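Dear colleague,

I am handing over the structure below, together with some notes on what turned up in it. Please have it open while you read on.

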Amino acid sequence: MNPTIVKIIDLMFRGIPETEETSAIREELLTNSQARYEDLIASGLSPDDALGQVLDNLRSMENVLDEYRSGKGSRAADQSAGEEGPFARFEQMAEEIDRKMERIGDRVEDTAENAFTSVRNALDNAMQSVRNAMDGLGGSFRAGSEDTAAYTGQRFWQENTAWGNDDENTLTAVFQPGEVKRVSLHLVGEDVEAEPSPDGRVHVEINKADEPMFQLELLDGCLSLKRVRRRSDEQQDMETEELEGLGGIFAGIGKALRGVFHIDRTSGEPVRLLLPEGMELLTVQTTSGDIDLTGLRIGGLTAATTSGDIDMENSAVTGCAHLTSTSGDVEVSGCIFSESLSLNATSGDIDFTGDAPHLSANNVSGDTDLIGRMAQVKINSVSGDIDIRTETALESVQANTTSGDIEVVVPETVIPCVKTSTTCGSVNVHCPNDSASSVVIRLNSVSGDLTVTNF
């Protein structure tokens, strides 16, 4: 029995003559209040929030108990007064409380279902990104050869730098305009830096000491740089046999992590790219490295890192873009995306400023902040806050979170249709709300506050 509930009910009955009837009412209040408290806890409310709702219900009993305190309340008085006596009103009040709790339970169930969907979507996207990154790395490792002199990329490297600095420790591979349409990097712990090319050619720069650990290949317009390792067929067979018991994503992660521990360490210098405008596709996958993209003008983009950050600035992507970090932050500023943009993080923050007609974001334990011209926005989060500030291009917003707050700020010229659902949070709509509007904002949270306002 919750001691606070017992203490409050004892205070409520102070000064009331103890009779068989009042003792029965007190015991029924104790039993019902404790049962409701436990039901609210089971539905996901915090102990403080559950206790607050129970005490709110008890306050409505004060008038009834005052009549018993003054001696007017009795079962006989109820019978003489028909259904208007205090005991009858207590019965009616108890029934109303039961109906109210049933409605709250239904709402908790609906909101919890939305929250579960948010968690599932966020985790599915995060794990899919890990799977893609790890599978790519696994393929890179398998492409390795024992004979490092046989690497396809050996003929590409030159001892000068794309950045114009004469450095004997740097190698650069340069490709003519039109020779490369797509660039693909599959790395392990290396950082990646990409900037616009000043001469229309593709430049790839690495540290000279790392050259034996990379495979550079140009095939059918696709330039690929892969991290490889030297191992015998016997070692590979042993590793494959050890991993037979693993399945699905865990097998991919196991293979990739095993590869990380078995390959040689690089110098720690980043891999640098200079890319001309109009590159069809850039794909970057790395496990523990950061990805920095600045000033690019490309067709499509996929960037994924497991434990690094992704930072993208002042760039334009005309095709689809996917940015994913498992335990790092994803920050996009001053960028324009002509088609769909997907931002994913597991334990990092997501920050976006720019233009994106179709933007989706999935986050588990970080905050998500979006500012710019966004037509259709869909966000799933578990324990982070969501803040959205949109321009006039807005068409729809769907935001779901379990324990975070959601705030959407729209221009005064936008009159949305706002639909909200929260179990124990507050709802604040400080803008016109038109149920017939074509701009629909749907916000769902279990324990967070929901706010929609103008700027």
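Which ring does the charged end of Arg389 sit over, and how many Å from its centre? The ring is that of Phe455, and the charged end of Arg389 lies 4.0 Å from the centre of that ring. Please bear in mind, here and below, that this is a predicted model, and that the values have been computed from it.

To give you the overall picture, the protein chain has eight helices and 24 strands, and buried residues make up 47% of its 455 residues. Among the contacts in the protein chain with a separation of 6 or more, 46% are accounted for by residues 24 or more positions apart. The accessible surface of the protein chain comes to about 21,200 Å², and carbon and sulfur atoms hold 46% of that surface.

On aromatic rings, a search of the whole structure finds two pairs. In one of them, the ring centres of Phe337 and Phe352 are 6.3 Å apart and the planes stand at 45°, so this pair counts as tilted. The pair links distant parts of the chain, since Phe337 belongs to strand S14 (residues 330–337) and Phe352 to strand S16 (residues 350–363), with the two positions 15 residues apart. Phe337 counts as buried at 2% relative accessibility, and Phe352 is buried as well, with a relative accessible area of 1%.

Among the helices, you may wish to look at H2, which covers residues 20–42 and has 23 residues. From its first C-alpha to its last, H2 reaches 33 Å, which is close to the 33 Å expected at 1.5 Å a residue. The buried residues of H2 include Ile25, Leu29, Leu30, Ser33, Tyr37 and Leu40, and Glu21 and Arg36 are also on that list. As general background, residues three or four places apart in an α-helix point the same way, because there are 3.6 residues a turn. Just after H2, Gly44 takes a positive phi of about 115°.

Where else does a positive phi occur, in a residue that is not a glycine? Asp220 has one, of about 55°, and its place is in the loop between strand S5 (214–219) and strand S6 (222–227). With a relative accessible area of 67%, Asp220 is exposed. Asn314, which is not a glycine either, has a positive phi of about 45°, and it lies in the loop between strand S11 (310–313) and strand S12 (316–317). Asn314 counts as partly exposed, at 46% relative accessibility.

With kind regards

Terms used: Residues numbered from 1 in each chain as written. Predicted model: local features only at pLDDT ≥ 70, side-chain atom pairs only at ≥ 80, totals over all residues. Heavy atoms only, no water. Phe/Tyr/Trp six-rings, centres within 6.5 Å; stacked < 30°, edge-to-face > 60°. Helix = DSSP H or I, 4+ residues; strand = E, 2+ residues; numbered from the N terminus. Buried < 20%, exposed > 50% of the residue type's maximum accessible area, 1.4 Å probe, protein only. Lys NZ or Arg CZ within 6 Å of the ring centre and 35° of its normal. Expected span 1.5 Å × (residues − 1). Contact = heavy atoms within 4.5 Å. Areas by Shrake-Rupley, 256 points an atom, 1.4 Å probe, with all protein chains shown as cover.
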